[in-house]
Every structure is written in structure tokens, then in C-alpha cells.
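Follow the chain with me. We start with one helix and then turn to the aromatic rings.

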Amino acid sequence: MRLTYKEVDEKTDAIAALIQSKVESGKENVVSILIGRSEWMALASLGVLKAGCAYQPLDPSYPSERLNFMMQDADAKLLIAEEALLEKVNEYQGPVLLTKDLTDLSGVPQSVTVKPEDLFILLYTSGSTGNPKGCQLEHRNLVCFCHWFQRYYGLKPGDKVAAYASYGFDACMMDMYPALTSGAVVVIVGDDIRLNLPDLNVYFNEEGVTHSFMTTQVGCQFAMNCDNHSLRHLSVGGEKILPLNPPTAYQLHNGYGPTEATILIT
């Protein structure tokens, strides 16, 4: 599926209006989102934000016990989910919006005032004790990050940024929001090729992907073994990098930063 900015704007307006009919807008109100890798990664997230709420991205690969705990701990007011994934959050008893019912909506949300200190996203990390720990990031955190990313990576309209990271991982915000706030294209990488590096490379070359993030080991394998002609920047992070000869066709960036620091700090 390919969507223009106009189409995304109209679809997320309609989703936001429906959310507002189900839950009161407010910076402390969290909407959980449980979806696979698809256009809903952007559409559902933006719809929640336009409604004046914050969102909690849930990775369907997580065990049910963890997902149920995260939703309960977040005091989720609403769940947006793919119908086939509902069984993974069987303890949730609140209102639900299914993605299959969000495709042909129309509507305009009520105007909301969002302040820089309002909650943008609620992410959960593994925590030093093994129990998930909630991390709150605010709108101003993401605004600053997007401005930095656009400057550092020279991101401009027409560039294409791969959405490679897992939806529940903080790097997913790096994959989406700098691009969406600069007129660039978000290219969502499907599960079928995420770990198939030759196919991923073909996909990048065919689609003209210019920027990508990958987890460190996967990204280093990609840089060492794939002959890519589209990328200008490949960033890796999440674990210690091993010595390698960096590619000459594009820049390789070794990133680090805890979720609490808004994705990366160095």
C-alpha cells in the first residue's frame, strides 16, 4: 500500500475523531496499539496523537503476560488492535477499536491544544529486575530529536527512510517521525524480509531507500555482505559493535542511548 501525505492526514483525522468519541482527550490518557508490521504503525499512532492522547506501542512478539502487565500498568483507556492479536491481551476489559473497522472512516477531530510537556508515548523497557519499566517521553523530546535527526542526517523531502525497528522499540520513532515531519517517505519493511539480508538489499535498491536503522549485528552483517547503491546513511544500535571495515558507498553510524534519553544520545 502507498499513501500520500493527504491520504494519511485524512485517515488519521478520522481515526482521531473516533478515538475522541471513545475516550476523553488528555495528555495522561494512554491508548494501547497492538498491530503487526503495516501502515497502521503510522496511521494508528498519528490518530492517537491527533486525538490529544499518548500511545503505547505493543509488540505482538511479546508474551501475553508481559503485554497484559504493560496495559494494566499504563492504565490504558482504549486498545487499537488487529483482531487476530486480541487473544494476546486477554485480560484487558476496556473498549477496543479493530483496524479492520478503521479503513473507510471519515471525520474531523475536535481541536485539541497539545503542550510541549504533554505525554507523547509510553514505552516499556525490560528493566534491571526483568519487570517491564514504563518510560514517558513528551512532545518536546520528540520535536528536539526530529530537528537533530534532520540536521545530522541531511534528511530532506523525497528521501526514503526504512521503518525497520520493531514497533515496540524506541527506534521505531526514529524510523517514522523525522521523515514524516520533513516530507520524506516512510518505507515499512515487512517481516518477510527483515532478516533476509539479500532480499532486504534488493528491496532497498529497488525502492531507493536512503536512510535506515538496524540492530547492530544485523546492520553490520548487511554492511559487510550487501552491495547497496541506494543508502546514504545506515545506523546501528542496541548492542556493542564488533570491529569491521565500514562501507564506502554510504556512512555507517554506531548509535547508543537509553530510551529515557529519547532514542539515542551519541
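In helix 1, the buried residues (under 20% relative accessible area, 1.4 Å probe, protein chains only) are Val8, Thr12, Asp13, Ala14, Ile15, Ala16, Ala17, Ile19 and Gln20. This is a predicted model: local features need pLDDT of at least 70, side-chain atom pairs count only at pLDDT 80 or more, and totals for chains, interfaces and linings use all residues. Residues are numbered from 1 along each chain as its sequence is written, and side-chain values use heavy atoms, with hydrogens and water left out.

What covers those buried residues of helix 1? The cover includes strand 1 (30-34), helix 2 (40-50), strand 3 (78-81) and strand 4 (96-98). Helices (H or I, at least four residues) and strands (E, at least two) are DSSP runs, numbered from the N terminus.

Now look for rings. The whole structure holds 12 aromatic pairs; rings of Phe, Tyr and Trp (its six-membered ring) pair if their centres lie within 6.5 Å. Trp148 and Tyr152 are stacked, because their centres are 5.1 Å apart and their planes at 20° (stacked is under 30 degrees, edge-to-face over 60, tilted the rest). Both lie in helix 4 (residues 139-152), four residues apart, about one turn of the helix. Trp148 is partly exposed at 28% relative accessible area (partly exposed runs between buried and exposed, which is over 50%).

Phe169 and Phe213 make a tilted pair, with centres 6.2 Å apart and planes at 50°. Phe169 lies in the loop between strand 7 (160-163) and helix 5 (171-180), and Phe213 in strand 9 (residues 211-215), so the pair ties together parts 44 residues apart in sequence. Phe213 is buried at 6% relative accessibility, whereas Phe169 is partly exposed at 34%.

How values were computed
Contact = heavy atoms within 4.5 Å.
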